[in-house]
Amino acid sequence: LIAWTLVRFFLARQRGHSGSRLHVRLAGTFSAIAIIPVIVVAAFSVITFNLSLESWFNDRVQNVLTHSLEVAQAYEQEHRYILSLDAIAMVTDLNDAKPLFDASPLQFSEYLGRQAQLRTISGAFVLQSDGSVLARATADRGPRMRTPPPGAFETARDGRPLILAGQDNMVIALI
């Protein structure tokens, strides 16, 4: 738009219209006044944006991300270990409470809930080998029961807990 205006004023000056020289000077002056701040702001924005991107991807940030990943993996491993110990202890207690299950499955579910709460486990389920639920105890926002993957029951039969990573950032023990 500015270039077109300047060309038009220049053509008017060539034809000798009155005041055309003044128009060219005024248009040139106002154009310079308008363009210079735009160029300064654009240059400042590009430099700031480049410096910001470089700081996001520098070695220090990369090291922090790598170490935080290592910490998260160590935490997950520790959580898996603690969960496997809790699962073994809980199975022992539940096996001792088998007469309660035979007498009253509802009271056994309450007992299962107390066991889960004692071990700060968000949910516990007693399953048959076909995956059907015999007893359940979950917190209000606890996990929903998902069918274990094929072959999980066979793998867990030896009495050692099978630790599975859930899809919703949950770690599950099957024993």
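I35 sits in helix α2, so that's where this quick tour of a predicted model starts. With a relative accessible area of 39%, I35 counts as partly exposed, because that label covers anything between 20% and 50%. From there we can look at the helix, the patch that I35 helps make, and then the whole chain.

**Helix α2**
- α2 runs over residues 20-56, and at 1.5 Å a residue its 37 residues should span 54 Å.
- The C-alpha atoms at its two ends are 53 Å apart, which agrees with that expectation.
- S20, A27 and S31 are buried in α2.
- Part of the cover over the buried residues of α2 comes from α1 (2-15).

**The nonpolar patch**
- I35 teams up with I2, L6 and I39 to make a nonpolar surface patch of about 310 Å².
- Two elements, α1 and α2, each give two or more residues to this patch.

**The whole chain**
- You'll find 6 helices and 4 strands in the protein chain.
- In sequence order they go α-α-α-α-α-β-β-α-β-β.
- The radius of gyration is 36 Å, well over the 16 Å that the globule rule gives for 175 residues, so the chain is more spread out than a compact globule.
- Along the principal axes, the C-alpha atoms fill a box of roughly 115 × 35 × 30 Å.

**Burial, contacts and surface**
- Just 20% of the 175 residues count as buried.
- Among contacts with a separation of 6 or more, 34% link residues 24 or more positions apart.
- The accessible surface comes to about 13300 Å², with 61% of it belonging to carbon and sulfur atoms.

Definitions and conventions: Residues are numbered from 1 along each chain as its sequence is written. This is a predicted model: local features need pLDDT of at least 70, side-chain atom pairs count only at pLDDT 80 or more; totals for chains, interfaces and linings use all residues. Side-chain values use heavy atoms; hydrogens and water are left out. The expected span of a helix is 1.5 Å times one less than its number of residues. Buried means under 20% relative accessible area, exposed over 50%, partly exposed in between (1.4 Å probe, protein chains only). Contact means heavy atoms within 4.5 Å. Patches are made of residues with over 30% relative accessible area and no salt bridge: like charges are joined within 9 Å, nonpolar side chains (Val, Leu, Ile, Met, Phe, Trp, Tyr) within 5 Å. Accessible areas come from the Shrake-Rupley method with a 1.4 Å probe; for residues, only the protein chains shown count as cover. A salt bridge is a side-chain nitrogen of Lys or Arg within 4 Å of a carboxyl oxygen of Asp or Glu. The radius of gyration is taken over C-alpha atoms; the globule rule is 2.2 Å times the number of residues to the power 0.38.
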